[in-house]
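Subject: A structure for you to explore

Hello,

Here is the structure I promised to pass on. Please open it next to this email, so you can find each place as you read.

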Amino acid sequence: MEERDKLHTGELYLPGDESIMAEQNRCLERLWEFNHTPPTQPERRAALLGELFAEIGEGCYIEPPLHANWGGHHVHFGRNIYVNFNLTLVDDTHIYVGDCTMFGPNVVLATAGHPVLPELRGQGYQYNLPVRIGRNCWLGAGVIVLPGVTIGDNTVVGAGSVVTRDLPANVVAVGNPCRVLRAVDERDRAYYVRGRAIPPELL
């Protein structure tokens, strides 16, 4: 089996393989172009994202700069996703994000890991595990999601959290390591923040 064939299997492989690097660099050239497109050219940005990503739905907005190991080549975005500054996609294998999810600034979604054993790390070995984010989630500023993690629909992850394990749907989760704080409940239908009532016409 070639090293390139191990990107999506979870097996240990050598990411510095020449064939891998050649393909990766082609993707990174396109990402550079996206990050240097003027804000007055939204159509050009949207077109480039369509070329960069494995899938990207309608109504997605990504604020440059965007950082991605493979330029988004293994990233699958649904519709109406909002991304603030400095999203980092360590997309050595697949990242899936559902419709209407939002990312604060400086979020990291990492699929790549390295073995704890020093001898293997010294040789440059890596493994990749996919990341899955559900529909209508909100990841606050500085959230880090580690390889292999799944986050359920409608879940909110508090700023600065490090998500090391799966999170269920319909919860608020915070911390390092990230843990469920509470369910999304009736309070959230009444107040949007610190006792401020949601206007009835919005419900």
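One definition before we start: a residue is called buried when its relative accessible area is under 20%. Please also keep in mind that this is a predicted model.

**A buried asparagine**

With that cut-off in hand, take N128. Its relative accessible area is 1%, so N128 counts as buried. You will find N128 in strand β11, which covers residues 127-128.

What does the side chain of N128 meet there? One polar contact, at 2.8 Å, is with the side chain of Y13. In addition, a polar atom of the N128 side chain lies 3.0 Å from the backbone oxygen of L7. If you set aside the neighbours within four places in sequence, the residues in contact with N128 are L7, G10, Y13, D92, T93, T111 and A112. Try showing those residues together with N128 on your screen.

**A buried phenylalanine**

Next, go to F103. This residue belongs to strand β8, residues 102-103. Is F103 buried or exposed? Its relative accessible area is 2%, and therefore F103 is buried.

Which residues does F103 touch, leaving out those up to four places away in sequence? They are F77, I81, Y82, V83, N84, L87, V97, L109 and L139. For a sense of distance, you could also pick F34: F34 and F103 are 69 residues apart in sequence, and their C-alpha atoms are 19 Å apart in space.

**The open sheet**

Now for a sheet. In general, strands of a sheet pair through backbone hydrogen bonds, and the pairing can be parallel or antiparallel. Here, an open sheet of 5 strands runs in the order β3-β6-β9-β14-β17, with parallel pairing. Which strands stand at the edges? They are β3 (67-68) and β17 (162-163). Each of these has a single partner strand, so one side of each has no neighbour in the sheet.

To see one pairing in detail, look at β3 and β6 (residues 88-90), which run parallel and are joined by 2 bridges. In one of the places to check, H67 has T88 in β6 as its bridge partner.

**Two pockets**

Let us move on to empty space. Such space can be found by rolling a probe the size of a water molecule over the atoms.

The largest pocket has a volume of about 600 Å³. Its lining is made up of 17 residues, and W138, V156, V172, D188 and Y192 are the closest to the centre. Strand β20 (residues 191-193) gives the largest share of this lining, with 3 residues. Sorted by class, the lining holds 11 nonpolar, 3 polar and 3 charged residues.

The second largest pocket holds about 160 Å³ of space. How many residues line the second largest pocket? There are 13, and those nearest its centre are P42, R45, A46, L49 and C60. At least two lining residues come from each of α2 (42-52) and β2 (61-62). Of these elements, α2 provides the largest share of the lining, 5 residues. By class, this lining has 9 nonpolar, 3 polar and 1 charged residues.

**Some backbone details**

Finally, here are a few places where the backbone angles deserve a look.

- The peptide bond from P64 to P65 is cis, and its omega is near 0°. P65 sits in the loop between β2 and β3.
- N176 and P177 are also joined by a cis peptide bond, with omega about 0°. P177 is placed in the loop between β18 (171-174) and β19 (179-183).
- N80 is not a glycine, yet its phi is positive, near 55°. This residue is in the loop between β4 (75-77) and β5 (82-83). With a relative accessible area of 38%, N80 is partly exposed.
- N86 is not a glycine either, and its phi is positive too, about 65°. Look for N86 in the loop between β5 and β6. The relative accessible area of N86 is 26%, so N86 is partly exposed.

A good way to begin is to select N128 and Y13, and then find the polar contact between their side chains. After that, you could move to the lining of the largest pocket, beginning with W138, one of the residues closest to its centre.

Enjoy exploring, and write back with any questions!

Best wishes

Key. Residues are numbered from 1 along each chain as its sequence is written. This is a predicted model: local features need pLDDT of at least 70, side-chain atom pairs count only at pLDDT 80 or more; totals for chains, interfaces and linings use all residues. Side-chain values use heavy atoms; hydrogens and water are left out. Helices (H or I, at least four residues) and strands (E, at least two) are DSSP runs, numbered from the N terminus. Buried means under 20% relative accessible area, exposed over 50%, partly exposed in between (1.4 Å probe, protein chains only). Contact means heavy atoms within 4.5 Å. On a 1 Å grid over the protein atoms alone, a cavity is a set of points where a 1.4 Å probe fits but cannot get out, and a pocket is an open set with protein on both sides within 12 Å along at least five of seven lines; lining residues have an atom within 4 Å of a point. Grid points are joined across faces, edges and corners, and a volume is the space filled by probe spheres set on the points. Ala, Val, Leu, Ile, Met, Phe, Trp, Tyr, Cys and Pro count as nonpolar, Asp, Glu, Lys and Arg as charged, and the others, Gly among them, as polar. Two strands pair if DSSP finds at least two bridges between them. A polar contact is a pair of N or O atoms within 3.5 Å; within protein, one must be able to donate a hydrogen and the other to accept it, and residues adjacent in sequence count only if both atoms are side-chain atoms.
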